[in-house]
Amino acid sequence: MAERLYDIIVFGATGYTGKNVIRYVARSANDLGDIKWAVAGRDELKLRRVLGLIPSDQKSSDVGVIVCDVKDELSLLEMAGKGKLVLNCVGPYRFSGEADVKACIAKGTHHVDVSGEPQFLETMQLLYHKEAQEKGIYVVGACGFDSVPSDAVSYTHLRAHETLRYLVCRLLLEKK
């Protein structure tokens with residue numbers, strides 16, 4: 001992977017989540033100084049516009065722009081071949097995520113997404129875990145924004161169950 005043009009490619013950079021992700025990547029790349037990164041999506045003009053949202057003190061003139069469409073397998077393969085890691089912000093993942101995972105594995109590129117869609121995550125694990133493992137590729141789902149609501153529900157459910165059990169025990173003890 002040393003010969004790759006970019007360390008990180010933010011795919012879906014013009015969407016709501018993508019815009020937030022590129023701000024963070026720009027800040028991190030600026031702080032670390034040696035991260036090469038690119039934005040990717042269907043519309044070059046929109047990609048260039050979204051780069052204008054990065055504060056001027058964090059801008060780097062060498063951010064790449066890659067035109068890529070999730071419905072075009074060749075463009076996905078080309079994109080994946082340019083980076084060490086694709087950070088996929090293109091959803092809904094149940095409709096568009098598998099093509100990117102497949103392209104990343106084919107090109108030996110790590111894949112991270114922000115999906116909060118359990119069915120997609122489980123399907124990717126069932127279909128691609130073994131091949132990714134054999135190639136030494138990480139396919140990591142549910143990293144961030146979209147996974148927060150389901151994590152919050154799980155946490156709340158667990159805490160509510162513990163609280164309810166505590167209250168029932170207290171009531172029973174007080175009746176004695």
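The exercises below work through a predicted model of one protein chain, each with a solution in steps.

**Exercise 1. Overall layout**

Task: Determine how many helices and strands the protein chain has, and in what order the elements run from the N terminus.

Solution: The secondary structure of the protein chain comes to 6 helices and 6 strands. Read from the N terminus on, the elements run β-α-β-α-β-α-β-α-β-α-β-α. Two figures complete the outline: buried residues make up 36% of the 176 residues in the protein chain, and among contacts between residues at least 6 apart in sequence, 71% join residues at least 24 apart.

**Exercise 2. The sheet and its edges**

Task: Give the strand order of the open sheet, and explain which strands stand at its edges.

Solution: The open sheet has 6 strands in the order β3-β2-β1-β4-β5-β6, and the pairing is parallel. Strands β3 (64-67) and β6 (139-140) each have a single partner strand, so one side of each is left without a neighbour in the sheet, and these two stand at the edges.

Next, take the pair formed by β2 and β3, which is parallel and extends over 4 bridges; within this pair, V39 has V65 in β3 as its bridge partner. The two faces of β3 can then be told apart, since G64 and I66 form the covered face, while V65 and V67 form the uncovered one.

**Exercise 3. Strands β4 and β5**

Task: Describe the pairing of β4 with β5, and decide whether the faces of β5 are covered or uncovered.

Solution: Strand β4 (residues 83-88) pairs in the parallel sense with strand β5 (residues 110-113), over 4 bridges. Two positions show the register of this pairing: V86 stands opposite H111 in β5, and L87 stands opposite V112 in β5. Side chains of a regular strand alternate between the two faces of the sheet, and the residues of β5 can accordingly be taken face by face. H110 and V112 lie on one side and H111 and D113 on the other; all of them are buried, and both faces of β5 are therefore covered.

The two histidines of this strand also appear in the surroundings of Y138, a residue in the loop between α5 and β6. Leaving aside neighbours within four places in sequence, Y138 is in contact with H110 and H111, yet at 59% relative accessibility Y138 counts as exposed, because the threshold for that class is over 50%. Y138 and L85 are 53 residues apart in sequence, but 9.0 Å apart in space from C-alpha to C-alpha.

**Exercise 4. Helix α3 and residue S75**

Task: State which elements the buried residues of α3 pack against, and classify S75, which lies in this helix, as buried or exposed.

Solution: Start with the N-terminal end of α3, which is capped by D72, with a side-chain oxygen 3.2 Å from the backbone nitrogen of L74. Within α3, the buried residues are S75, L76, L77, M79 and A80, and the buried residues of this helix pack against β1, β2, β3, β4 and α4 (93-107).

For S75, the relative accessible area is 12%, and since buried means under 20%, S75 is buried. Apart from neighbours within four places in sequence, S75 is in contact with V67, C68 and D69.

**Exercise 5. Two packed helices**

Task: Find the angle at which α4 and α5 pack, and classify their relative orientation.

Solution: The description of two packed helices rests on the angle between their axes and the distance between the axes. For α4 and helix α5 (residues 118-135), the angle is about 0° and the axes are 11 Å apart. Angles under 35 degrees count as roughly parallel, and α4 and α5 are therefore roughly parallel to each other. On the α4 side, the residues that meet α5 include Y93, G97, V101 and I105, and those they meet in α5 include F120, M124, L127 and Y128.

**Exercise 6. Cysteines**

Task: State how many disulfides are counted, and explain why C68 forms none.

Solution: A disulfide requires cysteine sulfur atoms within 2.5 Å, and the count comes to 0 disulfides. The cysteine sulfur closest to that of C68 is in C104, at 9.4 Å, which is too far for a bond. As for accessibility, C68 is buried with a relative accessible area of 1%, and C89 is buried with a relative accessible area of 12%.

Technical notes: Residues numbered from 1 in each chain as written. Predicted model: local features only at pLDDT ≥ 70, side-chain atom pairs only at ≥ 80, totals over all residues. Heavy atoms only, no water. Pairing = 2+ DSSP bridges. Buried < 20%, exposed > 50% of the residue type's maximum accessible area, 1.4 Å probe, protein only. Contact = heavy atoms within 4.5 Å. Polar contact = N/O pair within 3.5 Å; in protein donor to acceptor, adjacent residues only side chain to side chain. Axes fitted to C-alpha atoms, helices over the stretch in contact; angles between N-to-C directions. Parallel < 35°, antiparallel > 145°, perpendicular 65-115°, else oblique.
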